[in-house]
Structures are given as structure tokens and as C-alpha cells.
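Me: I am new to this structure and would be grateful for a close look at a single part of it. Please begin with the whole chain and then turn to the part you have chosen.

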Amino acid sequence: MDAKAGVRAGWEWLKGPEPWSGRAFAGDLTIAAVLALLGLGVDELSNSSGQKMVLGVLAIVALMLLRRRLPAATLVLGAAASAFLPGVFLVTVVLGWSAGRRIVGVGRALTAFVLAFLAEVGLGLYDQWSQTRPLLIVVFSTLLFLAATVMPGLASRYWYQRRTLLSALQERNDQLLRERTMVAGQARLRERQRIAQDMHDSLGHQLALISVHTGALEVDPALTDRQREAVGVLRQASVAAMHELREVVGILRDGVEAPPVVEEAQPAARGVAGIAGIVEAARAAGTDVRLGTAGPGRWSRPATTRRTGSCRRR
């Protein structure tokens with residue numbers, strides 16, 4: 001268990017702060033193998049010894065695996081090792097790309113690249129001082145370092161910052177869209193509440209006035225029985241209209257109950273279920289009315305469904 005815990009802790013440390021899946025690890029090993037193979041060819045052209053070839057392969061693999069966790073250190077070590085191991089020079093391209101992306105801060109990145117340049121040029125001069133002219137080594141090493149290490153680092157840093165900026169802009173755009181949707185929803189809600197308030201203030205008061213006057217007229221002793229029945233039908237219709245208004249206002253207010261009506265009365269039946277009551281009330285008021293039905297009955301459906309069906313057939 002201790003060995004497994006140590007391996008797991010080492011893996012967590014090696015992959016660094018960013019996610020490193022098994023596929024990415026296999027990709028790094030594949031790149032390391034290709035660079036090691038190319039490095040062996042460079043060592044062969046440089047007439048390097050077998051010991052240097054082995055050290056070059058090990059250095060390439062180690063630098064490839066550590067570049068995520070230690071981007072600045074691997075860049076400097078890779079540049080220093082390339083002065084003595086020609087095959088390691090190829091991995092400095094990948095190290096420059098990784099360092100340009102992963103080193104946080106411009107100052108730290110500039111320091112790392114300067115140290116890598118000094119290590120590569122200085123150790124190259126020390127290793128080949130007696131073979132060629134120093135000025136030629138400095139010029140050639142500088143050009144090679146700029147082309148193989150600095151350019152990949154700059155390209156990587158630009159690409160990473162551009163991707164980060166686009167991601168931040170996309171997130172900001174999504175947030176603005178969500179906020180705009182919320183604002184539009186709140187505006188619709190306020191408009192619905194305003195309409196509900198206007199309906200309640202205007203129609204509710206008028207209907208209440210009609211109901212009060214018809215109720216007072218209904219008990220007037222000067223009216224005949226038929227006139228009193230007609231006034232009663234009018235009063236019941238006004239009460240039913242008030243209940244209808246309360247229901248509509250409640251829907252517009254998203255379930256907020258309208259102010260209670262002063263007069264307590266049973267609401268009339270809505271939709272097609274209320275047709276029979278209307279006919280009976282009209283017949284009681286003295287009007288010759290008859291009700292006829294055809295087709296399948298819809299009286300057992302819910303009130304909302306019956307109302308919808310009747311509205312569609314108007």
C-alpha cells in the first residue's frame with residue numbers, strides 16, 4: 001500500500017497543476033521516442049560515443065516527462081545539455097514551446113530564456129573552444145537558439161493567451177445572454193403585473209358598482225316579480241364576471257391572488273358547463289330560450305379544457 005501511495009503521489013507531482021491523462025502521457029512518450037531516435041542520428045553524425053548516446057536518450061525522456069511540472073528548469077537544463085549532447089538539441093524545440101505556455105509571468109519567462117541562452121552559448125564555448133573560433137560559435141549558437149527555442153516559446157505564449165482570451169470572451173458573452181434573458185423575463189413579469197393591476201382597478205370597480213346597484217334594485221318594492229328576477233339575473237352575471245376577472249388577474253400575476261371581493265357568492269360555471277345555467281336564468285327572466293346539444297358530451301372534462309375548447313369554436 002505504501003508503494004502504491006508513493007507511486008500515486010509521484011504521478012500527481014509529475015503531471016503538475018494541469019490535467020494529464022493517460023493519452024497525454026502516451027503522447028509524450030511517443031514524442032520522446034521519436035526525438036530520441038532522431039537524436040541518435042545526430043549523435044552518429046557528430047561521431048559521439050556510445051555513452052553520450054545513452055545519456056542523450058535518457059536526458060530526452062527525462063526532460064519530456066518533467067517539462068509540465070518544471071517548465072523553466074527543464075528549459076535551462078535542456079539548453080545546457082545540448083552543448084555536450086548534440087542529440088538533446090532537438091528536444092529544446094518542445095521545451096521552448098512548453099516553457100512559453102506554462103511559465104507564469106513575463107519576467108519569469110524572460111529570465112528562464114535568458115538563462116537557457118547563457119547556458120547553451122557559454123557551455124558551447126567551453127566545449128568547443130579549442131576547435132573553432134569563439135565568435136563563430138556565439139553567432140551560430142545565438143541564431144540556433146532564436147530559431148529553435150525562442151520562436152516556439154513566443155508562438156506558444158501567443159497561442160495560449162489568445163485561446164484564454166477567446167475563452168474568457170465566450171464566457172462573458174454567455175453571461176450577458178443569460179443576464180439579458182433574465183432582464184427580458186423580469187420586464188415581461190412587470191408588464192403582466194401592470195396589466196393585471198389596470199384590469200383590477202378599472203373593470204373590478206365597475207363590476208362591483210354594477211353588482212351593488214343591481215343588488216339594491218333587486219329589493220326595490222316597486223318592481224314586479226318578473227322585473228326582480230331579471231335584475232337578479234343581471235346581478236348574478238356581474239358577480240360571475242367579477243370571479244372571471246379575479247381568475248384572469250391571478251393568471252397575469254403568476255399565481256398572486258387578487259384582492260378579495262366584498263360580496264361572497266358562488267362563481268358561475270365556466271365554459272360549456274355554464275351554458276345550461278345561462279339558459280335557465282334567461283328562461284326564468286321570461287325569455288323563450290331552448291338548449292339543444294349534438295355530438296359527444298364534453299361536460300366531464302376539466303374546466304380549463306372545456307373553456308379552451310369553447311374558445312376555439314367561437
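Reply: The following account passes from the overall fold to one helix and two of its residues.

The model is a predicted one. Its chain contains 10 helices and 0 strands, so that every element in the order from the N terminus is written α. Of the 314 residues, 28% count as buried. Among contacts with a separation of 6 or more, 69% are accounted for by residues 24 or more positions apart. The chain exposes about 20,500 Å², and carbon and sulfur atoms supply 65% of that area.

The part chosen here is helix 5, which covers residues 91-102 and includes Trp-97. Trp-97 has a relative accessibility of 36% and therefore counts as partly exposed, since that class lies between the 20% limit for buried and the 50% limit for exposed. Together with Tyr-158, Trp-159 and Tyr-160, Trp-97 makes a nonpolar surface patch of about 440 Å². Helix 7, residues 134-218, gives the most to this patch, with 3 residues.

Arg-102 also has its place in helix 5. With a relative accessible area of 15%, Arg-102 is buried, because the limit for that class is under 20%. The side chain of Arg-102 is joined to the side chain of Ser-98 by a polar contact of 2.7 Å. Helix 5 thus holds both a partly exposed residue, Trp-97, and a buried one, Arg-102.

Definitions and conventions:
Residues are numbered from 1 along each chain as its sequence is written. This is a predicted model: local features need pLDDT of at least 70, side-chain atom pairs count only at pLDDT 80 or more; totals for chains, interfaces and linings use all residues. Side-chain values use heavy atoms; hydrogens and water are left out. Helices (H or I, at least four residues) and strands (E, at least two) are DSSP runs, numbered from the N terminus. Buried means under 20% relative accessible area, exposed over 50%, partly exposed in between (1.4 Å probe, protein chains only). Contact means heavy atoms within 4.5 Å. Accessible areas come from the Shrake-Rupley method with a 1.4 Å probe; for residues, only the protein chains shown count as cover. Patches are made of residues with over 30% relative accessible area and no salt bridge: like charges are joined within 9 Å, nonpolar side chains (Val, Leu, Ile, Met, Phe, Trp, Tyr) within 5 Å. A salt bridge is a side-chain nitrogen of Lys or Arg within 4 Å of a carboxyl oxygen of Asp or Glu. A polar contact is a pair of N or O atoms within 3.5 Å; within protein, one must be able to donate a hydrogen and the other to accept it, and residues adjacent in sequence count only if both atoms are side-chain atoms.
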